[in-house]
Amino acid sequence: MPAVTVENTLTLPRVGAPAEAASRPVHAVTTAPAGFEGEGFPVRRAFAGIDYRHLDPFIMMDQMGEVEYRPGEPKGTPWHPHRGFETVTYIIDGIFDHQDSHGGGGTITDGDTQWMTAGSGLLHIEAPPEHLVVSGGLFHGLQLWVNLPAADKMMAPRYQDIRGGSVRLLTSPDGGALLRVIAGGLDGHEGPGITHTPITMVHATLAPGAEVTLPWREDFNALAYVLGGRGSVGAERRPIRLGQTAVFGHGGSLTVRADERQDSPAPDLDVVLLGGRPIREPMAHYGPFVMNTRAELQQAFDDFRRGLLGTVPAVHGMRPSGPTGG
């Protein structure tokens, strides 16, 4: 799991919660069911079974892989529409190409992130490059959906290409954790992702036996999803492992700890930490559209069928076959 790393974490700025910060309790730990997305790549549905009140402003998150493809096996998604939210695709291992009908796109690989604000609507496609399809190889990443408030749902689409080298790297006081701040802030250190809905997104890697207690904005919710390895969360040390999500309660800090012994092939505990300010608006979600009312959902489908969300660039010679959720 390379993502972005450093040889010596002790060269990085150190962050830790003040002793007086109230520890967030762990409300629940859920296990993600497995499924398939797009043209058939395997995913874990990280937020399945979690009440939206605990997720807001996050809508869904899929862990894509970790899978070792044989030659000819790598898969992506066909052209499909979105409106009303933002998609965040974070690649840990492997390569993904992205293109959208608004002119955004690029190639992302180990540690890169593509941040697409669908806003008023567009079409996009995500797929492995042809050379990876031919050769096969390791693929592992995340896709996160972040809701937009009603006032921003019809804003102009936007694309952010966040290179892995631009993420803010931090560590715990003892150097046992590598913290990659992708978006938002952590103890005054800001990540490169520009968000319309205030959030924090951190990919943390903890060495065996390491523990980190981080300051966390009290007006944000807090979630931790395990990408690999085993550990515990909260002051109560609630066990957590690959494919599980912890939902935290209120407080000013959160704690994550890696088990002393990790399962091979994961030598460390890798976890994504998410927090955001809840929007607290009605949400109407179906397939690729996230709006506030059923009437707005119907309008989104009507606009898509009329071609008002964009057209597939002629160079590909393809047309979308219908709405999809990816």
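Visitor: What makes Glu211, Arg237, Arg257 and Glu260 a network of salt bridges?

Guide: In this predicted model, the side chains of Glu211 and Arg237 meet at 3.4 Å, N to O. Arg257 and Glu211 have their closest N and O atoms 3.9 Å apart, and the side chains of Arg257 and Glu260 meet at 3.5 Å. The cut-off is 4 Å between a side-chain nitrogen of Lys or Arg and a carboxyl oxygen of Asp or Glu, so each of these pairs is called a salt bridge. Glu211 takes part in the bridge to Arg237 and in the bridge to Arg257, and Arg257 also bridges to Glu260; the four residues are thus linked in a network.

Visitor: How many salt bridges does a search of the whole structure find?

Guide: The search finds twelve.

Visitor: Why is the pair of Glu211 and Arg237 said to tie together parts that are apart in sequence?

Guide: Glu211 lies in strand β18 (residues 211-215), while Arg237 lies in the loop between β20 (230-233) and β21 (238-241), so the parts joined are 26 residues apart in sequence. The pair of Arg257 and Glu211 also links distant parts of the chain: Arg257 is in strand β23 (residues 253-258) and Glu211 in strand β18, 46 residues apart.

Visitor: Which residues of the network are buried, and which are exposed?

Guide: Arg257 has 15% relative accessibility and counts as buried, because buried means under 20%. Glu260, with a relative accessible area of 56%, is exposed, because the exposed class begins over 50%. Glu211 at 35% and Arg237 at 45% are partly exposed, because that class covers the values in between.

Visitor: What makes the pair of Tyr286 and Phe301 tilted?

Guide: The ring centres are 5.9 Å apart and the planes stand at 55 degrees, so the pair is tilted. Centres within 6.5 Å make a pair, and planes under 30 degrees apart would be stacked and over 60 edge-to-face, so the rest are tilted. Tyr286 lies in strand β25 (residues 284-286) and Phe301 in helix α3 (residues 294-305), so the pair ties together parts that are 15 residues apart in sequence.

Visitor: Why is the pair of Phe289 and Phe301 called edge-to-face?

Guide: The planes of these two rings stand at 90 degrees and their centres are 4.8 Å apart, so the pair is edge-to-face. Phe289 belongs to strand β26 (residues 289-291) and Phe301 to helix α3, so the parts tied together are twelve residues apart in sequence. Tyr286, Phe289 and Phe301 form one aromatic cluster. The structure holds four aromatic pairs.

Visitor: How do you know which members of the cluster are buried or exposed?

Guide: Phe289 has 0% relative accessibility and Phe301 has 12%. Both count as buried, because the limit is under 20%. Tyr286, at 57%, counts as exposed.

Visitor: Which residues have the most contacts inside the largest nonpolar core?

Guide: They are Phe47, Phe58, Met61, Leu144, Met201 and Leu274, in a core of 31 residues. Elements that give two or more residues to this core include β4 (58-69), β11 (137-147), β17 (199-206) and β24 (269-276).

Visitor: What does Leu274 touch?

Guide: Leaving aside residues up to four places away in sequence, Leu274 touches Phe47, Phe58, Met61, Leu144, Thr200, Met201, Trp216, Asn221, Ala222 and Leu223. Apart from the largest core lies another, of 28 residues, among them Leu179, Leu206, Val212 and Val271.

Definitions and conventions:
Residues are numbered from 1 along each chain as its sequence is written. This is a predicted model: local features need pLDDT of at least 70, side-chain atom pairs count only at pLDDT 80 or more; totals for chains, interfaces and linings use all residues. Side-chain values use heavy atoms; hydrogens and water are left out. Rings of Phe, Tyr and Trp (its six-membered ring) pair if their centres lie within 6.5 Å; planes under 30 degrees apart count as stacked, over 60 as edge-to-face and the rest as tilted. Helices (H or I, at least four residues) and strands (E, at least two) are DSSP runs, numbered from the N terminus. Buried means under 20% relative accessible area, exposed over 50%, partly exposed in between (1.4 Å probe, protein chains only). A nonpolar core is a set of buried Ala, Val, Leu, Ile, Met, Phe, Trp, Tyr and Cys residues joined through side-chain atoms within 4.5 Å. Contact means heavy atoms within 4.5 Å.
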